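Visitor: Hi, I'm new to this one. Could you walk me through it?

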Amino acid sequence: MTLQTHEAPASGTLSPPHGFTRLIYSRQAMKLAPEGRDVSFDEQSQAWLAALRGDGVRRDQAIARLHALLLRAARFELGRRRAALSYVRGEELDDIATQAADDALMAVLAKLDDYRGASRFTTWAYKFALLEAGVRLRRRAWQGREVVLDPETWPTPADPGSSAQEQLERTETLEALRGAVDRALTPHQRRVFVALALNEVPIDVLAERLGTNRNALYKTLHDARRKLRRELAAAGLALAEDS
Amino acid sequence: MAKHDHTPNPELERLLGPTGYEVSCDECFELLDQYVELEVQGANADERIPGLRNHLAGCPACLEEHDSLLALVTAEHRAR
């Protein structure tokens, strides 16, 4: 299968790519199925499925349109994060969007049987492109940065904008938390909690460095947080009620 | 010190994440498109899909993807 890419503004706006895809993206065509028939959204989703499961030219055209749709979503994501990535060249961002759309297309086609129609097909497909683009952009933002996994790496308690009393309270709170981390967590939970919660390392970056995935890391973070909440509550700190 | 204060510390609460039931990252991804469309329609997404909003409060990456999908679908909804 050949992936067709389209020239389109890299600004991440909702501008349509050139060529036939304009039909899909123009306002009056938002309700058009891949074949161009005017149908309801449920029928539109069914038409996407039928075309993607079809044969020959019809399927190839549907795949090309789907790729254009996913590329548009990836560029939309880039546009939302452009300010934070101002140091990255436009060509590189365009490559990131194209790679995200390519991988999202593969994922959508592989998971086509998982689509149950709980949302419009396009909404379901968009999330794959946004995920792929988001992961790539988080990793790009941390490219070359060291991820410190040392549990001793704690944030500085001092905050110049706060009063002496507030700084004292923050220091005491962090000390209490640190004690709970030392007492209650396993070494792996400590590393994950300190990196994700305290040092705000993006979860996809940490997953890549540790050779794991987002779901597994969040499970570890979740378990660590529950342990810490119990430990701190037992130590007498005022906390929101856990249920 | 927080120990003598009965008001939960917001920074500590942020570090400790949400309380109560929350879905996993994989479940969040599975349900995200449905959740966002419910939000766009003005339906009670949290009642229909419990635990997802809680997860978004604890997972910045899933929250970013939610916010992007909501923005994209909302822009299309307005364009119709």
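Guide: Sure, we'll go from the basics to the chains, their contacts and a few residues.

Guide: This is a predicted model, where local features need pLDDT of at least 70, side-chain atom pairs count only at pLDDT 80 or more, and totals for chains, interfaces and linings use all residues. Residues are numbered from 1 along each chain as its sequence is written, while chains are lettered from A and ligands numbered from 1 in the order in which they are written.

Visitor: What are the mean pLDDT values of chain A and chain B?

Guide: pLDDT is the predictor's confidence in each residue, from 0 to 100. Chain A has a mean of 82, with 78% of its residues at 70 or more. Chain B averages 91, and 91% of the residues score at least 70. For the model, ipTM is 0.91 and pTM is 0.82.

Visitor: Where in chain A is confidence lowest, and where is it highest?

Guide: Helix α1 (residues 21-25) of chain A is lowest, at a mean of 30, and α5(A) is highest, at 97. Over residues 1-32 of chain A the pLDDT is below 50, though this stretch still has 61 contacts in the model beyond near neighbours in sequence. A contact here is two residues whose C-beta atoms, placed from the backbone, lie within 7 Å. Where pLDDT is low, the predicted coordinates should not be read in detail.

Visitor: OK, how many helices and strands are there in chain A and in chain B?

Guide: Chain A has 9 helices and 0 strands, and chain B has 5 helices and 0 strands. Those are DSSP runs numbered from the N terminus: helices are H or I over at least four residues, strands E over at least two.

Visitor: Is chain B spread out or compact?

Guide: Spread out: its radius of gyration is 15 Å, well over the 12 Å that the globule rule gives for 80 residues, so chain B is more spread out than a compact globule. The radius is taken over C-alpha atoms, and the rule is 2.2 Å times the number of residues to the power 0.38. Along the principal axes, the C-alpha atoms of chain B fill a box of roughly 55 × 25 × 20 Å.

Visitor: What share of each chain is buried?

Guide: For chain A, 36% of the 243 residues count as buried; for chain B, 38% of the 80 residues do. Buried means 20 or more other C-beta atoms within 10 Å of the residue's own, exposed means 12 or fewer, and partly exposed is in between, with C-beta atoms placed from the backbone.

Visitor: Which residues touch the most other members of the largest nonpolar core?

Guide: L70(A), A74(A) and A129(A), out of 73 residues in that core. Helix α3 (residues 56-81) of chain A gives the most to this core, with 12 residues. A nonpolar core is a set of buried Ala, Val, Leu, Ile, Met, Phe, Trp, Tyr and Cys residues joined through C-beta atoms within 7 Å.

Visitor: And what does A129(A) touch?

Guide: Leaving aside neighbours within four places in sequence, A129(A) is in contact with L70(A), A73(A), A74(A), A100(A), A101(A) and A104(A).

Visitor: How many residues are in contact between the two chains?

Guide: 41 residues of chain A are in contact with 36 residues of chain B. Several helices of chain A each supply at least two residues to that side, including α3, α5 (121-141) and α6 (164-184).

Visitor: Got one residue of chain B to look at?

Guide: Try L72(B), which is in helix α5 of chain B. L72(B) is buried, with 23 other C-beta atoms within 10 Å. Leaving aside its neighbours within four places in sequence, L72(B) is in contact with A73(A), F76(A) and Y126(A).

Visitor: Back to chain A: what do the buried residues of α8(A) pack against?

Guide: They pack against α5, α7 and α9 of chain A, together with α5 (60-79) of chain B. The buried residues in α8(A) include I203(A), V205(A) and L206(A). Just after α8(A), G211(A) takes a positive phi of about 70°.

Visitor: Which residue other than glycine has a positive phi?

Guide: E200(A) has one, near 55°. E200(A) lies in the loop between α7 and α8 of chain A. E200(A) is exposed, with 9 other C-beta atoms within 10 Å.
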